[in-house]
Amino acid sequence: MNNRTKKFIRNKAIHFILLMLAVAIFSFILLELSPIDPVNAYLKQAVISPEQRLILEQYWGVNQPLTTKIWGWLSNLLQGNLGNSLIYRVPVIDVIYERFMASFVLMALSWVISGIIGFGLGIVAGKNKGGWIDKLVKLYCYVLQSAPSFWIGLVILIIFSVELGWFPIGMSVAIGTLSSDATIWQWLARLVLPTLTLSLVGVAPIAMYTRNELVNVLSSDYILFARARGESGWPLIERQALRNTLLPALTLQFQNFAELFGGAVLVEQVFSYPGIGQTAVAAGLQSDVTLLLGIVLISAVFVFVGNTLADVMYYFVDPRIRENESFDKN
Amino acid sequence: MSEELLSVKNVSISFTQYVQGLNQHELKVISDLSLDVKKGEVVAILGSSGSGKSLLAHAILGILPENGTCEGDICYKNEVLTQQKKEAIRGKEICLIPQSVNFLDPLMKVKEQAIGDVKGEEREEALRKQREIFSKYGLAEEVDDLYPFELSGGMARKVLLSTALLSNPELVVADEPTPGLDEKSVKETIMDIKNLKEEGKGVLLITHDINVALEIADRIAIFYSGFVIEINKTENFADTGKLLHPYTKSLIEALPRNGFKLTEGVQPLEEVPGCVYYDNCPIKSDFCKENRPNLIKCGDAMIRCHNYDKEVK
Ligand SMILES: Nc1ncnc2c1ncn2[C@@H]1O[C@H](COP(=O)(O)OP(=O)(O)O)[C@@H](O)[C@H]1O
Ligand code: SF4
Ligand SMILES: [Mg+2]
């Protein structure tokens, strides 16, 4: 491992710790300021005596000063203890693990599918710049980029579930139960439409970016020289343009982890897919503060991983930067 | 010696530009350009930066940008080059030595770029040839696996040169091969181009460096405001009395004062009906204002000035 790699890892580690700390404290304070009252949330409007209420408030630590609360939460967090979920009545970490795995499958599939199709469409469009394929791809991208993903999800739901009847509408698992009972086939059937939606949406930015990147590359001096040397057509694109387009496109796709996560939250809601997004909405609606905080943290980790992978692409795959020893940014 | 390789006849290059929405605008960069290059000859085309010299090179190779059009004929060995013909012979019989390292793919090792798209046995053969020509120009074996950004200025120039010459072309179009190089590399470049000439190749040297032109070229074409105004033998540039066009004369006379650097010519932006040099010409007549002179033969030279019309008549 050379110096540069060590430095990269060290910087990233510091970044990560600071980011986690900031996200943890920030979201904790935000939730404190919000009108959520954990005692009410727990009681669900049940009537109790003031004495009982006091006991509960003490149990939840409602009246402690903010700093004590934050400190308590952080020190638990450092020990890997995220607390218990109010609505599931199990440790938050267990809920997140199961739900995040479900979301991860959904997001990973959509990421790969949209990446491959988007890159392919972008290349075809850029190669035929100004032609009908190019116009079609651009139209698709503009429409998809201006439509919210939950709306696309609804349209797909209407087409495939309502009109065609291929998939049942809303195969939701009741909030508050974990969905381990579902068979693998039920689970796969559940996966199809959300993946389709997220992929359709995810194609747009990557296709547009790839197209523009390829158009730029094709008008570059080195393509000019390659053509002057007699190279032409698809081999020219494959040999020189593809590599120069793939690197930035892949970097963008990693940076898109945040959008992917945001899209998943909405799409899971539309299709009642039992993933982390749906759980986040449920936790919010039912004032499950510990679960919500846990989800915020895990999503921050997820986005951080995406950005780190993009940086790795940038710093270690691109030979121009790979061999440049003056790496002292970040 | 006098076998004609390249002959450019009345070539004009213009661009269609869209200004403010759908308003089309024709931008003429090169007008009525004629010149020729013979075997074993170096012809320099001398003009200031941004005057369209690279575009001429690109037109010869058929790699103008989409919005560019080229009128007139470009002939190679007395045969008019159509776009198909250009595509067939470029990189084989005609090659371009480009301006800078930007003309190399940043993500590809230089040897891969040099050999081009070849596979299997052909690839071995191409790599052998590539090594041979890289050695000829003093590039060590390590250079083969370098990426363009790892090359020094002098190395980059050698890589561009050997990459272009790999196919052993007959006509070489060298686009500004010297700027940005240290003195030693400039000397080497000059030697390299002289050697190409010795090998019997024809060289069209595009430059804005008059000293380089004077040192290497057999003939020099003076490019002014999109027009070639004079083509003359290099030896005649030693004596302004032997030069024809008033612009060329003032250019050469001004050289000692300007530290032997080419002055940026004042180049009219709008198309004028008469002579492009009218505004600055000390010997102009009213006739020059409205009537454009043609490039005509005058002895061994070519000249675009009304003063010589009469002489010829
Ligand atoms: N694609 C294009 N569209 C419009 N104008 C262009 C285009 N390419 C080049 N030009 C024009 O041609 C001129 C540059 O010519 P160039 O051959 O690069 O000059 P030189 O090589 O003599 O420095 C520029 O001034 C620019 O106005
Ligand atoms: S044509 Fe007239 S204006 Fe132009 S250079 Fe000759 S004398 Fe001068
Ligand atoms: Mg140029």
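Here are some friendly notes on this predicted model, covering two ligand sites, two sets of strands and the cysteines of chain B.

1. Let's start with the surroundings of ligand 1. The shell around this ligand holds 14 residues, and the closest of them are Gly50(B), Gly52(B), Lys53(B), Ser54(B) and Leu55(B). Sorted by class, the shell has eight polar residues, five nonpolar ones and one that is charged.

2. The backbone has a clear part in the contacts with ligand 1. A polar backbone atom of Gly50(B) sits 2.6 Å from an oxygen atom of the ligand. For Leu55(B), the distance between a polar backbone atom and an oxygen of ligand 1 is 2.9 Å. Ser51(B) also takes part, with a backbone N or O atom 3.2 Å from a ligand oxygen. As for cover, ligand 1 on its own would expose 570 Å², and the protein buries 67% of that.

3. Which elements give two or more residues to the shell around ligand 1? They are strand 1 (4–19), strand 2 (23–38) and helix 1 (53–61), all of chain B. Helix 1 of chain B provides the largest share, with three residues.

4. Two of those elements also belong to a sheet. Four strands of chain B form an open, antiparallel sheet in the order 2-1-4-5. Strand 2 and strand 5 (79–80) of chain B are at the edges with a single partner strand each, so one side of each has no neighbour in the sheet. Strand 1 and strand 2 of chain B run antiparallel and are joined by twelve bridges. If you would like a pair to look up on screen, Phe15(B) has Leu27(B), in strand 2 of chain B, as its bridge partner.

5. Further along the chain, strand 10 (residues 227–233) of chain B deserves a look. Is this strand mostly covered or mostly uncovered? It is mostly covered, with six of its seven residues buried. On the pairing side, six bridges link strand 10 to strand 9 (residues 219–224) of chain B, and the two run antiparallel. Ile222(B) stands opposite Glu230(B) of strand 10. The hairpin made by strands 9 and 10 of chain B has two residues between the strands, and Ser225(B) in this hairpin takes a positive phi near 50 degrees.

6. Strand 10 of chain B also pairs with strand 12 (residues 301–303) of chain B, in the antiparallel sense and over two bridges. Here Ile231(B) is placed opposite Met302(B) of strand 12.

7. Ligand 2 has its own set of neighbours. Around it are His245(B), Pro246(B), Cys275(B), Tyr278(B), Cys281(B), Ile283(B), Lys284(B), Cys288(B), Cys305(B), His306(B) and Asn307(B). By class, this shell divides into seven nonpolar residues, three polar and one charged.

8. Finally, a word on the cysteines. How many disulfides does a search of the whole structure find? The count is zero over all chains. Why is Cys75(B) without a bond to another cysteine? The closest cysteine sulfur, in Cys70(B), is 11 Å from the sulfur of Cys75(B), which is too far for a bond. Cys75(B) is buried as well, because its relative accessible area is 4%, and the cut-off for buried is under 20%. Cys298(B) gives a similar reading: Cys305(B) holds the closest cysteine sulfur, 10 Å away and too far for a bond. Cys298(B) also counts as buried, with a relative accessible area of 19%.

How values were computed. Residues numbered from 1 in each chain as written. Chains lettered and ligands numbered in written order. Predicted model: local features only at pLDDT ≥ 70, side-chain atom pairs only at ≥ 80, totals over all residues. Heavy atoms only, no water. Near = heavy atom within 4 Å. Polar contact = N/O pair within 3.5 Å; in protein donor to acceptor, adjacent residues only side chain to side chain. Areas by Shrake-Rupley, 256 points an atom, 1.4 Å probe, with all protein chains shown as cover. Nonpolar A, V, L, I, M, F, W, Y, C, P; charged D, E, K, R; others polar. Buried < 20%, exposed > 50% of the residue type's maximum accessible area, 1.4 Å probe, protein only. Pairing = 2+ DSSP bridges. Disulfide = S-S within 2.5 Å.
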